[in-house]
Amino acid sequence: MGRVAVVTDSTADIPCELIQRYDIHVVPLTVHIDGEVFEDRVTITPEEFMRRLPHAATFPTTSQPSVGRFQAVYNGLADHYDAIVSIHISSRLSGTYQSALLARDTINGRMPIAVIDSRSASMGMGFAVLRAAQMAQAGCDLAEIERATRQALEATHTVFLVDTLEYLRRGGRIGRAAEIVGSILQLKPILRLEEGVVVPFARTRTRPKATAGMIALIRDLPTIDRLAILTTSDTSDVERVAEALADRCPRERMLCCRISPVLAAHLGPGTLGIVAYEGDGPPAAEARA
Amino acid sequence: MTGEGAARAASHAGTVDTERTRWWSGRTLLQALETAAAHLEAHVAAINALNVFPVPDGDTGTNLFLTLQAAVREARRHALDGQPPRADEVLAGAAHGALMGARGNSGVILYQILAGMAEGSQGASHLDGHVLAASLRRGADLAYRAVGQPVEGTMLTVIREAAEAAETAAVRDGSVASVLAAALDRANDAVARTPALLDILQQAGVVDAGGQGLAILLGGLQRFVDGATLAISPADAPPAAAMAFLDHLDELHGTAEFGYCINFLLSGDALPVEEVRRRIAELGTSTVAVGDATMLKIHVHSDHPGAVLELALTYGELHQVRIDNMTAQTRALVEARAADHPPVPAAPTAAPTSIGLVAVASGAGLTAALRGMGADAVVPGGPTVNPSTAEILRAVEALPHREVILLPNDPNVIPTARQVERLTERIVRVVPSRSVPEGISALAAFNFDAGLDENVAAMTEALSMVRSLALTRATRAAEIDGVRVRAGQYIGLVDGRLRAAGDDAVSVTLAVVTQAQPEQAELLTLFVGEPAAPDLAGSVAAAIGEAYPHLTIEVAAGDQPHYDLIMALE
């Protein structure tokens, strides 16, 4: 049985030590701020990007990795692996998945490549990437890994709050949350990633209420195996969230992650997210039946 | 008020016919009710002034008058349909008019009383003292039963005592005049004793406004007995505010409607409302059947209007039958629309499963704020102008949603909102918000993914997560809960209670904020009202920001009448 390489993109927000431990291959997107171009998490760190964001003269923009970049990565892996699973940010938020598909088709035949649209982002796909990587290390074949990855994506729930809807709106990533834009009152809305797009959950008006609402939403899940707490800049709520969920998920199974510059460019400062992974089994299809 | 003068001019001085004193036919009863309404109208301002708190608020006199006016108009319309009306028919019509026209808490209680009187008089072609006593008793019983926790020292006490006196008097003398006189006497007594029963009235130095209004209504009937005949303005407004909303159903017709649109009133003694609705619905589409066991307004689309009418005839009598050919209308409508607008994609229609949100507020700014927070419709109305049941009902019926949550945003609008629950085929739930800040807090808790019950629970819970503060001017001098205030001074309210008074708007505002536990809050929203001075919001925001630097202060136009500021602290 051959070896399977695991590829994702820089928006997965998986902490560096886990990327190294599980031998995950990360393709960066690019972010443009004030006329400069950076490779996400390669030539600019989340911390540096958030330092610059509030002072940016114009809203930053982002772009997907080129097809060529994916070709190079896939070709490079062909010497050491027999197959690739390539898991990417929702095709409704970015063209990354399309680039990966094109790259797969143009190098067709060299090796089997499963390109998966996570219909999510950040650790919303990160947990599935980790699951795939664990299975790859355990020597599972591509079909098994692909199936498990899709199950893991189904078992992952992403909820977040933004300080302002302005970044999502300007960046065109607002999705169905567009219907809550236009309030003359302050909103700290609770949003979710659903079917790969941003959807509104509640028009919360203060950060503490939004945080409490997110915690309540996560607590409603029947099981929690792992949690990720995501931030763009302000990490002051992380401890509060961790504390409030500690009885549902042991601390050592929680990750605190900085959101990548590419995602942060569309979310803005002060974003706080919680991602819950329900666990490896039973398969979602059976759970629903 | 010229009402009294006009009243006197209209009365036939000295000509007291026996029908006025012994028993009333339906026609006489109608005149008596109309005289009582006109008499009440002359006292509206005096009753409005009997507010517990010296704030522009819950105008009981206005609400009682408008409700009684709707009752009289509907009773008159009802009476015009047939032969000389019977007394029980007049009361049934009045009850129905009051149901749809009810405004405010007092209006809803008046409706309950009239509904009880209609029940209590059933079978009586004339109203004599015995029937009057029995119907007052039934009215009192129904009013008590309708109120969750009856409070003594209110309209309830007055109607109960009046009914008791009427029953006693009827044993001795069965004339309308003596029974009414006894009821009125006791009602006046009971009104005078309301402050002894309700501490807040004692503190404010007023009698209960609703109770006083009821006694004045009985006093108007007494004036009729004494020979006066007063008139209220004719129903120039659309035919009885009642059910007027149905006249707008056409607006809801799509461009793909064919067949006939059939509208009529069905009257009967004990109409099986659900059964009628179900059987009519079997014959067509877009069925709406609204009303009660004595009268239903029915709207249905069908290819066979004759079959619909024949079915209805098996239950009772038909009135005001109107049948329109929608195929022809649709053709005309499509042509007219095409001329007006180039074809555009249809407005995004709400999924039939989604929940509609209807709020009540006055002021362009508050309306915009509520809409921005997700309200699909905002019914004009607020502390001083309470919307009628029919007005709220119409807003509900105009929405595409099958399920609707109502936010009354005023304690006095909650009872009318609750009436709407049983008047429509939509599933309507009331989240009893007592202020616009509470309404906004509830809207913020609305969850896009949850169902009706879960949302009602979450939104109701959210009502207590905000403190509602207000700055206005005292309408009179008062001393309540240790706060002394002169007429015209600024007063500050916390959750509807008087908490501060003074001549300086900024310090009164700061005082109420201080009393509302600002250290536990993080956001203060100021809605600037019509009477506010241009620099008020800025000065208040600066003073509060200095005193409580941790608070985020948000200033928005509210444009509400009477209140300089309405504030949400959360």
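**Exercise 1. Two domains of chain B that touch**

Task: In this predicted model, work out how many residues of domain 1 of chain B are in contact with domain 3 of chain B, and which elements give two or more residues to that side of domain 1.

Solution. Begin with the count: 14 residues of domain 1 of chain B are in contact with eleven residues of domain 3 of chain B. Next, look for the elements on the side of domain 1 that touches domain 3, where helix 6 (87–101) and helix 7 (104–120) of chain B each give two or more residues. Helix 7 of chain B has the largest share of that side, with four residues. Then sort the residues of this side of domain 1 by class, which gives five nonpolar, six polar and three charged. Finally, place the two domains in the chain: chain B is divided into domain 1 (3–225), domain 2 (245–336), domain 3 (355–465) and domain 4 (467–569), and the centres of domain 1 and domain 3 of chain B, taken over C-alpha atoms, are separated by 30 Å.

**Exercise 2. One helix with two sides**

Task: Find which residues of helix 14 of chain B are buried, and which residues on the other side of the helix are exposed.

Solution. In helix 14 of chain B, which spans residues 305–313, the buried residues are Pro305(B), Val308(B) and Ala312(B). These residues lie on the same side of helix 14 of chain B because they cover an arc of only 65° around the axis. The general rule behind such a pattern is that an α-helix has 3.6 residues a turn, so residues three or four places apart point the same way. Now turn to the other side of helix 14 of chain B, where Gly306(B), Glu310(B) and Leu313(B) are exposed. As a last step, ask what covers the buried residues of this helix: the cover includes strand 3 (260–267), helix 13 (273–283), strand 5 (295–302) and strand 6 (317–325) of chain B.

**Exercise 3. A pair of helices**

Task: Determine at what angle helix 8 of chain B and helix 10 of chain B cross, and which residues make the contact.

Solution. The axes of helix 8 (residues 129–146) and helix 10 (residues 176–197) of chain B come within 7 Å and cross at roughly 35°. From helix 8 of chain B, the contact is made by Gly129(B), Leu132(B), Ala133(B) and Leu136(B), and from helix 10 of chain B by Val176(B), Ser178(B), Val179(B), Leu180(B) and Ala183(B). Sorted by class, this contact has seven nonpolar, two polar and no charged residues.

**Exercise 4. An open sheet and its edges**

Task: For the open sheet of four strands in chain B, give the strand order and explain why one side of strand 8 and of strand 10 is left without a neighbour.

Solution. The order of the four strands in chain B is 8-7-9-10, and their pairing is parallel. Strand 8 (377–380) and strand 10 (427–430) of chain B stand at the edges with a single partner strand each, so one side of each has no neighbour in the sheet. Neighbouring strands are turned against each other by 25° on average, direction ignored. To follow one pairing in detail, take strand 7 (residues 355–361) and strand 8 of chain B, which pair in the parallel sense over four bridges, with Val360(B) standing opposite Val379(B) of strand 8. Helix 16 (residues 364–372) of chain B packs on this sheet, where it touches strand 7 and strand 8 of chain B, and its direction makes about 160° with that of strand 7 of chain B.

Technical notes. Residues numbered from 1 in each chain as written. Chains lettered and ligands numbered in written order. Predicted model: local features only at pLDDT ≥ 70, side-chain atom pairs only at ≥ 80, totals over all residues. Buried ≥ 20, exposed ≤ 12 C-beta atoms within 10 Å, placed from the backbone. Arc of directions from axis to C-beta. Contact = placed C-beta atoms within 7 Å. Domains from an automatic or database assignment. Nonpolar A, V, L, I, M, F, W, Y, C, P; charged D, E, K, R; others polar. Axes fitted to C-alpha atoms, helices over the stretch in contact; angles between N-to-C directions. Pairing = 2+ DSSP bridges.
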